[in-house]
Amino acid sequence: MANNSGLIRLAQKLASDGPYRVETTHRRVRALFQGKYVIDTLQAYHVWEHPNFPQFYVPKTAFKDVNVTLKDPIDGTNKTVHFVQLDNGHSATNRVLLFNTSALKDLYKVDFHSMDQWFEEDVPVYGHPKDPYKRIDILHSTRNIKVGIDGVVLAESSSPLFLLETTLRTRHYLPPTSVKWECLRLSDTKTLCPYKGQANYYDVIVNGKEYRDLVWYYRYPTSESTPIAGYMCFYNEKVDVWIDGEKEQ
């Protein structure tokens, strides 16, 4: 089970230290695997394995039309965590854990990326479950935003969108017409965000130097982030940003 080394370390950590937080959620949670819904429940839990965001944990009653087979206990967990195999008759995955610890008793963790798609109610979830304590605000602004690197201005606009995401720094999304396109080259990189959707990237080429994945945009963002569709965001931490002439720290 070499490919399950991350799950083994997680099981050992949670068996020893427990999760950061556990809460019930009233959302209907479903997961699609090889053309079949193998999870469908109103009794899912949000479990924070680390402080950043939760994962879904479910009781055995959540599994539908799938065989659930208990496998070996995981070393270093005092036999309180087992691997489990899910088999829907066509495909199987063993990236599932069953806990018998005080905080997670009789709860199953199904590796998020082992499923083809997760849903909250009827809405797809991307990347990882949303944190119920996190929100996004997208605000129109007339403050001037200028972005540069290595002495070259990459973009400038007085009609940006400020995206404020709980616990993260403000991101500035600029109209595509404000960008110096001759400095950009399309990247193959794609990432998923549960709050914004799938992001595509551009590299930046300036003074003969390449800066990988310095710009991203959302062609088809989630409904809550619709205003940023097509707008360009530069990686604040890696470029120089001036807000109304004052350089951002």
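## Worked exercises on a predicted model

UniProt, in an unreviewed entry, puts the feature "domain: DUF427" at residues 145-237. Keep in mind that the structure you're looking at is a predicted model.

**Exercise 1. Work out how much helix and how much strand the chain has over residues 145-237, and how far apart the end C-alpha atoms are.**

Solution. Start with the stretch that the UniProt record marks as "domain: DUF427". Over these residues, helix comes to 0% and strand to 56%. Then take the two ends: their C-alpha atoms are 15 Å apart.

**Exercise 2. Find the largest cavity and describe its lining.**

Solution. First, count: the structure has 1 cavity of 30 Å³ or more. Next, its volume: the largest cavity holds about 40 Å³ of space. Now list who lines it: Ile 145, Val 147, His 172, Leu 174, Phe 234, Asn 236 and Val 241. Two elements, β13 (145-149) and β16 (171-174), each give two or more residues to that lining. Last, sort the lining by class: 5 residues are nonpolar, 2 are polar and none are charged.

**Exercise 3. Is Thr 77 buried or exposed, and what does its side chain do with the backbone of Val 81?**

Solution. Place the residue first: Thr 77 sits in the loop that runs between β6 (67-73) and β7 (81-87). Its relative accessibility is 3%, and buried means under 20%, so Thr 77 counts as buried. Then look for contacts further off in sequence. Skipping neighbours within four places, Thr 77 is in contact with Ala 11, Gln 12 and Ala 15. Finally, check the polar side: a polar atom of the Thr 77 side chain lies 3.4 Å from the backbone nitrogen of Val 81.

**Exercise 4. Which residues does Glu 224 touch, not counting those up to four places away in sequence, and with which side chain does the side chain of Glu 224 make a polar contact?**

Solution. Again, locate it: Glu 224 is in the loop between β19 (209-217) and β20 (232-234). With 37% relative accessibility, Glu 224 counts as partly exposed, because that label covers values between 20% and 50%. Leaving out residues up to four places away in sequence, Glu 224 touches Lys 130, Ile 138, Pro 194 and Tyr 195. Take Lys 130 from that list: its side chain makes a polar contact with the side chain of Glu 224, at 2.5 Å. One more step, along the chain: Lys 196 is 28 residues away from Glu 224, yet their C-alpha atoms are separated by 7.4 Å.

Technical notes:
Residues numbered from 1 in each chain as written. Predicted model: local features only at pLDDT ≥ 70, side-chain atom pairs only at ≥ 80, totals over all residues. Heavy atoms only, no water. Helix = DSSP H or I, 4+ residues; strand = E, 2+ residues; numbered from the N terminus. Buried < 20%, exposed > 50% of the residue type's maximum accessible area, 1.4 Å probe, protein only. Polar contact = N/O pair within 3.5 Å; in protein donor to acceptor, adjacent residues only side chain to side chain. Contact = heavy atoms within 4.5 Å. UniProt positions renumbered as here; feature names shortened; annotations may be inferred. 1 Å grid on protein atoms, 1.4 Å probe; cavity = no way out; pocket = protein on both sides within 12 Å on 5 of 7 lines; lining within 4 Å. Points joined across faces, edges and corners; volume = space filled by probe spheres on them. Nonpolar A, V, L, I, M, F, W, Y, C, P; charged D, E, K, R; others polar.
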